[in-house]
Amino acid sequence: MWSDFFTVSVFVATLASGIRLATPFLLAALGEAVGQRSGVLNLGVEGVMLIGAFAAYFTKLKTESTVLAVLVALGVGAVMGLIYAFVTVIMQAAQGISGIGIYLFGLGFTDLLFQKQVGTPQPIPKLAKVEIPLLSDIPWIGEIFFQHNLLVYLAFLLVPVAWFMINKTTFGLNIRAVGETPEAADTLGVSVNLTRTFTIVIGNTMAGLAGAALALEVGIFQQNLTAGQGFIAIALVYFGAWRPVGVMSGALLFGIVSATVLTLKTLGIVEGAASSLLAMAPAILTIVVLVVVSRRIAAPAALTRPFDRAAS
Amino acid sequence: MTTTEAVHEDAPSDPDSGGVGGSFAFAAVKPLAGLVVPVCAVAAALAVGSVMLLALGTNPLRGYAALIDGAFGGWDALADTSIKAMPLLLVGVGICIAFRAGVINIGGEGQIIAGAILSTSLALTIPDTPRIILVPLVLIAGAVGGGIWGTIPGALKAYAGVSEILATIMMNIIAAQFLSFLLQDLLIEEGAIKIQQTERVDANSHLPLLPGGTRLHLGVLIAILVAVLGYLLLFRTSLGMRLRSVGHNPHASKYAGMAVNRSIVQAMAFSGACAGVAGAILVFGSESHRLIGEGGASAFTQSAGFNGIVAALFGALHPLWTIPASFFFGGMLTGGIQLQQELQVPAALIVALNGVVVIFVVGSLKLRTRVNRWVERHEGAPVQPHKDVVDGGVMSGVE
Amino acid sequence: MRIRTTPKTAVALVAGLALVAGACGSDDDSSDSADDAEEAVDEAEETLDSVADEAEEAVDTAVDDTEEATENSAAEETDEAAGDGETIRVGIVAPSASNDLAFTQSMVDSVERVEAERDLEVAITDGTFVVEDAAAAIRGYAEDGFDLVIAHGSQYGGPLEEIAPDFPEVSFAWGTSVDTFGLDNVYAYTTNADLGGYVNGVMAAQLTESDVIGVVGPVEVGDAKLYVDGFSNGVAATNPDVTVNVNYIESFSDVALASEAATSLVANGADILTGTAQMVVGATGVATESGLPWFGTQSNQTPLGEDIVVASQVYHWEIVLNQMLDSLEGGTLGGETYTLTFENGGLEMEYNDAFELDEAVRASADEAVAGLTDGSLTTGVTE
């Protein structure tokens, strides 16, 4: 049995599967990381993912256009971002509870819409795989990395983009300044609230995209489709210590361990109740790895603190 | 009287700091003016709900009548609402303790499950114990189970630098899977068709029903008692003062010689214990008197681990204010069932509506302070800019 | 008729508003806040007193009404027993959505089919995956004087065992289960899901070319286990060389994991897929994408894959419903267990016409159904 597991083809398939599973986490967590770098915690990722997932699913179902589906998901994500920005930046509401409000809204509202607008589960075509010319022909590597749908590539391409934006652009400098010392940033003429509004919209748009990636990957929608993925994404932001590459490592760890568990079950190596114990593995390993690696990087100092110029 | 003192106690001494307790602190105003904004916010949220109901082809008035009737219309409905509010309140009290100590506990789900597992295991192990002993014992077991499940992320945060947000989310997953494992193996009921549930626990462990002929059981009173104890702990003991101080300003507390790390672990232990008690009550006060995990862990926890956070924050992270807040959300959830049965409106609407209520009410707090300022100004009271600070944090940079 | 009195609603409104006010309560810190709060407490106490008074009245009225209603419904019941054509009120409580193309829908569809022939008034509370909510709904239907309350989920047995004795006049049905708790107002109903699983397995074993078949399951208990075990035995009986890889994903709801589990099965050689429970909608997508045949169960799953669904085992609960309603009209409220089988027509294989199934395979399936019907064949599943 175990000999079945230690074969190249199984390894390759498992890693490819891990990358697919990591994609929604990665998209959502990258967006959340950008938001948190500017000092805004958004616990509503799960809700926005659900809204994005439903929007993409419904658009695809009605128009059969994938491009439109993704655009609509991005759009509703951005709108949710504007709402969240209005509530937490302009109205300066507590971020933790506002996010949970967004989560509850997304959970209930998409369930309601699905029941009333779709009703019975109707499949949509899954997003087609795009094999990257030449690269996808490389043995093993090609199958692991270069035979996925476009949103998978996009998610991983956004890692360097996010890194560049945060570390190498003026906007990124503003984000970090606003997240660490908003008062000082304000003195220097950086608009704290505008910067945060931007990062929130970016974060929510990414969450919407993560939802779309999920819905288009599984080709269906149902109540609570995300099943906790948005919360795991938030956890991964902490795992990655707010760094895009760290976040990506976390998403890959979680995704690949999940995929390995599935493979072990598929091959019959783990059976019965023990497979329940094994299903804990991604969660346990995430904690263990973090303890072992133990990078004590401080959170953005102004995380969750609204900025009120009158009070500073 | 405690309420009055509580209100007084709750005021952050330094509104400018990043204390967690400040999230709902407003400047003082005449009660009437102070209520205008939140009532308007709830009304606005209900207006959004009306639009949704209209879109579903339901008369909003009939919808809300059904909702309110289902939640508060008669003793049975009030009992159901109270039972629904129970886990929200217990988790909420735990949230008050953790958040005030600067620790974000999103692990209520896992802590409920851990409390339920330990208490159920105990009750199944010693079934023939007299009721007067067994009932307190299972509640304590619940507290211990939840406490352990809370202590782990607390210790991870304090001594290994693992964010409690990450740890509690992961601990939820672990608890849910562990429950599923136990209900396939060690704890599953013997039966012709295997169902993921334990044996019925012994009658001696059942929480007694309160007189009055409703489903109301002792668990609801225990929840309220825990809320009072939580209040006393936070505001009447030196331990509570230390916890709040650590949450308020960890660095200053450290310089003042307080054991910050130990406080974090203690806060999470208490927080988890409260949720664990909810887990025990969900078993021993339930209709079924057993732990049922069929269909997923949230079928058992009722998502109280999350909804309790909402209740606590609505209650201004104050254990006593969390009581009415829990009953409000408990009522929404109970009324939602009636709404569905009577008008065939999906209960999902209520989940969405709860979200809208949360967003509108927390979103309007700033507006409220502006109204307050306006009132103060027009009454000639000195304007105190510092009081405007509505701290958004549910945590400060404790890391 | 539903009982509703104005005072009750009034109480509710007052209580509701009081709670809203409480929920929005502030924690003031000014010197006069103490006074304000005290006032507020006083007010609240007064309100509470008046609420209590009103509520008492309301309860009195309600009790009166209920007594009346009970008398009325008792009278109605007598009528029912006497003459045919009286409406029977059926309440259904189910864990997932009415149109889930799986367990819940199988019951809802069946009740609709019964409704076409009998005079029924049906009310459904679906999506009640929280067991205690289901308990409240079951109790609610019983209190409202429904004649038959169907608790459509094996997880509802726990609460039902406690609720049913409180309502000796109401008939309850619980499934899937074989246990009536020894109560004479509880019916149990179940399905031999292994039968259709076996037939699906017989076909799958002949269709596979890779000699590997993949199964996506939720948790290894109950109906899901029955179906999967029946399927595996059907495959083994037809072609022992075929491997059946079963992946229980440990979740009833995680569609993404179900999808990835199916992908994993395919990656490891499976060229036929099947699965059970509501999260399989994630797995059928993989089958469609890869163009692999899919075998369904619980409800006709052809809508999930017009091109790839070969056949579905469909539950016809109307068989047991009609038996229950017949004996209900005869004055028996429970105490019996009904099982869906091929023999009583409760199980049926429905084929997807769009899938070109080899004649010989179809014939072998029909043969298996015939054998399982007359008892000359067994699935070998002994749970």
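**Notebook: two sheets of chain C and the chain A contacts**

I started in the second half of chain C, where Gly214(C) has Leu273(C) in E8(C) as its bridge partner. Helices and strands here are DSSP runs (H or I over at least four residues, E over at least two), numbered from the N terminus. For the record, this is a predicted model in which local features need pLDDT of at least 70 and side-chain atom pairs count only at pLDDT 80 or more, whereas totals for chains, interfaces and linings use all residues. Residues are numbered from 1 along each chain as its sequence is written, chains are lettered from A and ligands numbered from 1 in the order in which they are written, and side-chain values use heavy atoms, with hydrogens and water left out.

**Entry on the mixed sheet**

I then looked up the two strands around that bridge, and found that strand E6 (residues 212-217) and strand E8 (residues 272-275) of chain C pair in the parallel sense over four bridges; two strands pair if DSSP finds at least two bridges between them. They belong to an open sheet of six strands in chain C, ordered E7-E6-E8-E9-E10-E12, with mixed pairing. Strand E7 (243-248) and strand E12 (347-351) of chain C have a single partner strand each, so one side of each is left without a neighbour in the sheet. From one strand to the next the twist averages 20°, with axes fitted as lines to C-alpha atoms (for helices over the stretch in contact) and angles running from 0 to 180 degrees between N-to-C directions. Helix H6 (residues 193-207) of chain C packs on this sheet, where it touches E6, E8, strand E9 (294-298), strand E10 (309-315) and E12 of chain C, and its direction makes about 170° with that of E10(C); contact means heavy atoms within 4.5 Å.

**Entry on the parallel sheet**

I next followed a six-stranded open sheet of chain C with parallel pairing, in the order E2-E1-E3-E4-E5-E11. Its edge strands are E2 (120-125) and E11 (337-340) of chain C, each pairing on one side only. Within this sheet, strand E4 (residues 171-175) and strand E5 (residues 186-191) of chain C run parallel and are joined by four bridges, and I noted Gly175(C) opposite Tyr189(C) in E5(C). Helix H3 (residues 103-115) of chain C lies across strand E1 (88-93), E2, strand E3 (148-152), E4 and E5 of chain C, at about 165° to E2(C). Helix H4 (residues 131-143) of chain C also packs on the sheet, touching E1, E2, E3 and E4 of chain C, and its direction makes about 175° with that of E1(C).

**Entry on backbone geometry**

I checked two backbone values against the general expectation that most residues other than glycine have a negative phi, and most peptide bonds are trans. The peptide bond from Gly175(C) to Thr176(C) is cis, with omega near 0°, and Thr176(C) lies in the loop between E4 and E5 of chain C. Phi of Ala227(A) is positive, near 45°, and Ala227(A) sits in the loop between helix H10 (192-218) and helix H11 (229-239) of chain A.

**Entry on the contacts of chain A**

Which chain does the salt bridge of Lys126(A) reach? The pair crosses from the loop between helix H5 (95-118) and strand E1 (129-131) of chain A to Glu289(C) in helix H9 (residues 281-290) of chain C, and the closest N and O atoms are 3.9 Å apart; a salt bridge is a side-chain nitrogen of Lys or Arg within 4 Å of a carboxyl oxygen of Asp or Glu. Between chain B and chain A, by contrast, I found zero salt bridges, although the contact takes 56 residues from chain B and 53 residues from chain A.
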